[in-house]
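Reader: I'd like to learn how to read a model like this one. Could you walk me through it, starting from a single residue and ending with whole domains?

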Amino acid sequence: MNISSSRPLLAPAGHYLLRLGGYSLLLHRRSMIVALFLSLLLVAVATWILAAGDDTLTPSKALQAAFGQGEALQVFLIQELRLPRLIAGLLSGAALGAAGCLLQTLARNRLATPGVIGIDNGATAFAVASIVAVPTSLAPSALALSGAATAAVLTFALAAGGGARGYRFIVVGIAIGALFGALTNLMLARSDMDAANAAYPWTVGSLNARPADSVLLLGIGLAVGLPLAKLLVNALSLMRFSDNVAIGLGVRLQRMRLLTLALCVWLTALAVAVVGPVGLIALAAPEMARHLGNRHGVPVLNAALSGALMMILADWLGRTLLAPIEIPVGIIAAVVGGPYLLWILLRQAPRSST
Amino acid sequence: MSICSQLQRTAATITTSLLLALPLHASERTLDSAYGPVTISGTVQRVVALGDSALDAALSLGVQPVGTLASRGGDDVPDYLKTTAGKITLVGSVREPNLEAILRLRPDLVLASSDLSRDLYAKLSLMAPTVVPAGNSFQDWRETYMTYAQALGKQEEGQQRLAEIEKRSAELRQRLPQGQAVSVVRWNPQGPVIMSSHLFVGQLLKDLGLRANELAAAQAQKPHSDVLSLENLSRINADWIFLATLNPDGRKALEDARKQPAFTRLSAVADGHVVTVDGQIWSSSSGYLAAQRVLDDVEKALLD
Amino acid sequence: MLAARLSVPQALSYAALCLLLLCVASLLLGAGDIGILPSLQALLGGSDDDARFIVFELRWVRTELALLVGLALGAAGVLLQAVTRNPLAEPGLLGVSAGASFAVVLAINLGASAASMHLGVAMLGALVGCVLVLLVTRMRGVGDDPVRLVLAGAAFSGILGALSSLLLLWDQRTADEMRFWVIGALAGRPLDTLDWSLPGLLGGLLMALLVVRPLAALALGERVASGLGHHPQLTRLGTLLAVAILVGTATAAAGPIAFIGLIVPYIARRLVGSDIRRTLGLSMLLGPCVLLLADVISRLLVRPYELPVGVVTAFVGAPILIAVVRNHRLPTL
């Protein structure tokens with residue numbers, strides 16, 4: 001790949017043009033810088049978190065322990081407890097951030113988080129059911145995944161027919177979500193306190209002791225989904241305008257919509273199966289990405305990076321604030337992310353639409 | 001775990017077994033838990049008790065755990081165990097056990113409650129043998145208690161404690177008027193929630209010869225019912241109604257209940273046969289110390 | 001605008017009829033052991049003590065409460081969707097439900113018990129929640145953009161909800177009580193609930209009546225509205241205040257009952273079109289209809305027990321919403 005600077009006329013201001021064979025990729029300069037910045041920040045924060053809270057650990061020792069060198073207890077701490085947790089946080093945060101970005105673009109409504117269309121609630125309902133209601137040997141994580149899938153399928157099926165601007169899909173999603181939410185409330189009210197406590201992490205979103213196979217699945221899903229999302233970005237950017245403009249510019253609207261939706265559901269389901277419903281990351285991460293970088297684009301990658309950053313920071317805060325009591329990551333995300341979201345909203349000049 | 005620590009543990013086990021080859025104390029015991037057989041060797045020094053029942057069992061057998069979970073009170077151990085527990089490190093809450101805090105205590109045995117999730121079990125069992133009693137809250141509480149006793153290597157003391165409870169029950173049964181009907185409920189503004197008579201408290205009351213409420217007896221699957229409609233409040237009428245509250249001040253719950261006209265129409269209320277009891281003990285914990293308290297409450301209510 | 005299916009008087013009379021039938025059903029049906037005939041007799045002045053107690057002291061109060069709460073939520077839903085021009089908007093999003101819940105959590109935490117919860121506490125929380133959101137919207141012109149207003153409200157709800165969860169993490173006793181309150185129920189409310197809620201309802205409705213015409217004008221665009229002599233900013237503010245009072249009252253009376261404010265506007269719009277002057281009155285009748293339906297069902301499903309009505313509204317409301325949305329072009333706001 002070479003950065004083609006000999007023909008600057010082809011790249012609009014503030015962009016780089018990359019060429020490989022017959023393909024070219026247009027990169028927004030500021031977005032790239034932000035992506036780089038976020039990546040570096042992410043690595044730094046992740047390393048710092050690995051060592052934080054323990055007087056005997058320094059970041060370098062923590063990294064060594066990650067590879068099995070050092071005192072037995074420290075190695076156990078890092079390898080079995082902290083590293084898996086960190087990885088789970090990074091991956092789920094990234095997936096949620098990306099999914100949120102996709103859905104907001106698709107719906108042209110910044111309220112449309114994946115949680116709004118019922119996926120979170122479906123996952124929670126199934127996971128809680130596995131703990132308090134239905135005796136089953138399936139792990140709550142697996143059930144969360146099937147719950148998310150069920151909710152998505154139901155919504156797809158019931159909203160069939162497309163409808164103007166994909167509105168119908170969101171409204172049906174809200175209905176399905178409310179159904180599952182009510183189901184969860186009912187199950188929790190009928191169970192005894194101890195079972196309700198055991199199900200609690202799944203209702204607020206928690207990274208405590210997440211099973212490795214769900215995280216692995218999430219990792220694979222993200223590795224496939226994120227590049228796919230990036231490929232769709234061009235079409236998505238055009239879909240931010242009205243339908244007619246998009247069609248006029250050659251976007252195959254229905255197909256794009258379906259694909260984007262499927263991708264969004266895919267990423268969210270996998271993330272929720274790991275961490276539970278942490279809706280605010282999907283809401284705030286794209287905002288943060290837009291705030292830092294390209295205001296008018298579809299910053300999927302930056303949203304993913306922001307999401308990952310937010311998730312691990314929220315988790316760290318939750319573990320540290322009231323130690324040894326752990327505050328689940330979902331609660332911290334809302335308490336801290338909420339004001340941040342408000343701050344972003346206030347700082348931006350009013351616009352007439354997203 | 002790394003090879004190093006694996007070797008360390010094996011060495012420790014072998015050494016311990018050799019050293020304590022004398023007959024009495026050193027048993028390597030394997031017991032059945034909800035997640036498979038668990039092997040524990042030697043006397044355990046550092047026990048972490050996750051949950052009320054586990055803590056109750058450990059304390060009643062003379063073992064002082066090094067760590068436990070903050071449960072009911074939210075930031076402390078249950079009231080009825082507070083003095084016996086003394087100063088004990090908290091390792092998280094019932095909803096989110098803090099694995100790092102547990103690790104820091106370097107336990108050699110973890111006693112958990114029967115609803116510990118598989119994921120948490122997977123992590124905990126890497127640190128120390130973890131015992132999760134099989135069954136759920138419908139299990140005979142004595143079996144759960146003995147599981148803990150076995151894990152602690154204190155089977156004989158465990159049997160003794162259970163015998164004490166049986167003896168006291170039998171003696172109390174003699175003194176109680178026969179065939180009295182009892183309802184155990186949790187009060188809720190929308191209506192009472194009926195506790196199943198097949199749980200810990202129900203099992204104790206049955207041994208005392210007290211008849212359970214028919215709705216409570218029908219609760220064989222769920223620990224408690226849905227909210228009973230206020231239109232049907234007469235169904236909880238009995239010779240004695242035990243009102244379990246999570247508020248240590250039971251008076252308030254009683255006052256709230258009295259605000260409902262349907263409640264004051266019950267004959268038990270008119271006769272003054274409504275007793276408030278500590279919900280921490282009556283609606284979920286189980287164990288020797290809890291059993292003693294339940295018997296105390298019944299004795300005080302029915303005989304004074 | 002979508003051609004209306006029914007004329008307003010038609011729709012109103014159908015809705016009123018429905019409501020009457022449901023009220024009667026609510027008085028005659030229930031989880032209790034008494035049958036329909038004895039209930040009817042008691043209603044007409046019979047002398048069976050038990051039946052009279054159940055019909056008049058339990059079911060009557062419940063029905064009245066359902067009317068009040070349903071009315072408040074239905075009206076609030078229509079107003080909110082009109083002012084935000086966003087059919088995803090729901091009264092809970094303004095931070096009002098979350099504010100009320102948080103206030104209740106706080107109060108229980110500090111020693112009160114859910115049953116003796118003074119309505120004032122929840123109402124206060126609701127209003128404070130809404131005022132905070134309003135303050136935010138006044139700053140830097142966020143108020144001009146309905147989407148961002150709702151987004152701000154969603155963020156606030158999220159924060160308050162999380163703070164509530166934080167408190168509940170700390171205090172298990174409160175958590176146990178909140179578990180039931182947070183679902184919303186019409187049964188077992190203190191007997192003076194109606195005395196307290198009626199002023200709130202009336203105040204909210206008064207505000208609503210004041211802003212109906214300006215809102216209808218606003219739907220044609222801000223310039224048109226100003227040209228007609230209305231003040232867009234004031235209109236929005238007034239509407240939000242009305243919503244806050246109405247939802248605050250409803251939440252204080254019965255706990256958070258989430259779905260009604262979302263689906264009633266859809267049904268109303270489907271029946272008579274988008275003009276708020278037509279949908280407001282209809283929603284005030286449809287709200288109690290849906291709520292009473294849910295309440296009656298909640299009494300009959302698990303006799304002799306009852307399900308909390310907040311759960312049943314979702315099970316009743318969701319299919320209705322899906323049915324309404326499915327087969328027709330959605331009328332734009």
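**From one residue to two domains**

Author: Happily! Keep in mind that this is a predicted model. Let's begin with Ala209(A), which sits in the loop between helix H7 (193–204) and helix H8 (212–239) of chain A.

Reader: Is Ala209(A) buried or exposed?

Author: The general idea is to count neighbours: a residue is called buried if 20 or more other C-beta atoms lie within 10 Å of its own. Ala209(A) has 21 other C-beta atoms within 10 Å, so it is buried.

Reader: Which residues is Ala209(A) in contact with, leaving aside its neighbours within four places in sequence?

Author: Here you look across to chain B: Ala209(A) is in contact with Leu99(B), Asp119(B), Leu120(B) and Lys123(B).

Reader: And how far apart are Ala209(A) and Trp266(A) in sequence and in space?

Author: They are separated by 57 residues in sequence and by 23 Å in space, C-alpha to C-alpha.

Reader: Now the bigger units. Into which domains is chain B divided?

Author: Chain B has domain 1 (28–153) and domain 2 (175–303). Their C-alpha centres are 28 Å apart.

Reader: How many residues of domain 1 of chain B are in contact with domain 2 of chain B?

Author: For domain 1 the number is 18, and they meet 17 residues of domain 2. On the domain 1 side, the elements giving two or more residues are helix H2 (52–60), helix H3 (79–85) and helix H6 (141–152) of chain B. H2(B) gives the most, with 6 residues.

Reader: What is the chemical character of that side of domain 1?

Author: Sort the residues by type: the side of domain 1 of chain B that touches domain 2 has 8 nonpolar, 5 polar and 5 charged residues.

Methods
Residues are numbered from 1 along each chain as its sequence is written. Chains are lettered from A and ligands numbered from 1 in the order in which they are written. This is a predicted model: local features need pLDDT of at least 70, side-chain atom pairs count only at pLDDT 80 or more; totals for chains, interfaces and linings use all residues. Domain bounds come from an automatic or database domain assignment. Two residues are in contact if their C-beta atoms, placed from the backbone, lie within 7 Å. Helices (H or I, at least four residues) and strands (E, at least two) are DSSP runs, numbered from the N terminus. Ala, Val, Leu, Ile, Met, Phe, Trp, Tyr, Cys and Pro count as nonpolar, Asp, Glu, Lys and Arg as charged, and the others, Gly among them, as polar. A residue is buried if 20 or more other C-beta atoms lie within 10 Å of its own, exposed if 12 or fewer, and partly exposed in between; C-beta atoms are placed from the backbone.
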